[in-house]
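Here is a short briefing to read alongside the model. Have a look at the sequence and structure below, and then we can walk through a few local features together.

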Amino acid sequence: MKISTQAVQLGIGRDCKTGSISVPICQNATFRHPALGETTGFDYSRSGNPTRQALEEGIAKLDNGSRGFAYSSGMAAITGIMTLFKQGDHLVVTEDIYGGTRRLFDRILTEYGLTFTYVDTTDISMIESALTESTKGVFIETLTNPLLKFADIPAISALCREKNLLLIADNTFLTPYLLRPIDLGADITIYSATKYLSGHNDTVAGLAVVKDPELAEKVYFHHNATGAVLGPQDSWLVIRGMKTLGVRIDRHQENAIKIARWLKTHPKIKKVFYPGLEDHPGHELMKKQSKGFCGMIAFEVQNHELIPQILKKTKLISFAESLGGVESLITFPEVQTHADIPLKLREKLGINNLLLRLSVGIEDAEDIIEDIASALQG
Ligand SMILES: *Cc1c(COP(=O)(O)O)cnc(C)c1O
């Protein structure tokens, strides 16, 4: 069955008593036991909740993993997975990783004795040369933010197999609809479900999917023991959002390519970064490995004065952090999402004071273009 179909069907048939199509929200903390030694399969909602379970089983299926886990945010999912590592362990990480992930690694997990080396993970030789005796894992983003660099998962996973390293892939931008990291060799997939999966800018949530059943047992133990689980209402919202994943992403992409091509022709725009454009460095590889290019665009304007002007003057596009929702959002990465990346690295990566990031929504592309055009006019 195709992923878009599986997503629509999420949760159907879970309530045998009433036949409810929508998953019931089991807003509940504890479960009554029939008798000593007997259980309904649930005892306490941190350990397991029927609504959360519907989401966890759904994402595991979509991602072709053995088990899924729903966390209270994307960062909670990353933190939960990182508790698999021990003091002294070293990881190689994508250099232009999400700023919040970098903050967690550098300012918190280093205090617990983990070490990290940041490299351009689109270059396999850079990963290889960063490996040390203590390297235990590689943490990548499948498509990076904001410059949209695409990782070659089959190549990275071959290296990880050879060196016995855990490959963790943050697949927030692509979602299982466009790419399934586990099919390409990753061990664990992570999502900020706040973004494309829930898709409506109405909830904060995180998901992780584990390929190996034995490792999944361990992740379950950590999930329950540390406790950053997603509540039933939010689990339901993510399920509800995921049902339309396929049509939303189709529309996000259809709009994104039109807008990217239009931006390229505008005299006040200096550079456009969109992997769907033939001149993007990751275009060819992505065409082979991914079903699409998603709805994220970054672009540089000709001069910095245009930045405050655009952020103030766009009407349809909201100036707000986050991405992947039905509504178009624009951000200024240098001072917002990427403020926690060291300045030198930001300069190297090209995250400068001319760069804007657009999360293309599902509005009519012509309206989005008109909004940017009039904001550029001043
Ligand atoms: C937003 C984001 C996160 C963090 O997720 P939250 O749900 O905000 O905690 C992690 N990785 C990527 C790629 C993101 O875009």
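**A charged patch on the surface**

On the surface of this predicted model, Asp364, Glu366, Asp367 and Glu370 gather in a patch of negative charge. Residues are numbered from 1 along each chain as its sequence is written. Because the model is predicted, local features need pLDDT of at least 70 and side-chain atom pairs count only at pLDDT 80 or more, while totals for chains, interfaces and linings use all residues; side-chain values use heavy atoms, with hydrogens and water left out.

- Patches are made of residues with over 30% relative accessible area and no salt bridge, joining like charges within 9 Å and nonpolar side chains (Val, Leu, Ile, Met, Phe, Trp, Tyr) within 5 Å.
- A salt bridge here is a side-chain nitrogen of Lys or Arg within 4 Å of a carboxyl oxygen of Asp or Glu.
- Asp and Glu count as negative, Lys and Arg as positive, and His and the chain ends are not counted; the place of a charge is NZ of Lys, CZ of Arg, CG of Asp or CD of Glu.
- Accessible areas come from the Shrake-Rupley method with a 1.4 Å probe, and for residues only the protein chains shown count as cover.
- Glutamate 366, one of the patch residues, sits in helix α14 (residues 365-377); helices (H or I, at least four residues) and strands (E, at least two) are DSSP runs numbered from the N terminus.
- With 62% relative accessibility, glutamate 366 counts as exposed (exposed is over 50%, buried under 20%, partly exposed in between; 1.4 Å probe, protein chains only).

**Buried residues and their neighbours**

- Helix α9 (residues 232-242) has Pro232, Ser235, Val238, Ile239, Gly241 and Met242 buried.
- Those buried residues of α9 pack against α1 (3-8), α2 (50-62) and α10 (245-265), where contact means heavy atoms within 4.5 Å.
- Serine 359, in strand β12 (residues 355-359), is buried because its relative accessible area is 1%.
- Leaving aside residues up to four places away in sequence, serine 359 touches Gly295, Met296, Ser322, Leu323, Gly324, Gly325, Glu327, Ser328 and Leu329.
- Between the C-alpha atoms of serine 359 and alanine 256 there are 8.6 Å, although the two are 103 residues apart along the chain.

**Backbone details in the loops**

- The loop between β4 (135-141) and α6 (153-163) holds proline 146, and the peptide bond from asparagine 145 to proline 146 is cis, with omega near 5°.
- Leucine 148, also in the loop between β4 and α6, has a positive phi near 60° without being a glycine.
- With a relative accessible area of 0%, leucine 148 is buried.
- Asparagine 164, in the loop between α6 and β5 (166-170), is not a glycine yet has a positive phi of about 60°.
- Asparagine 164 counts as exposed, at 69% relative accessibility.
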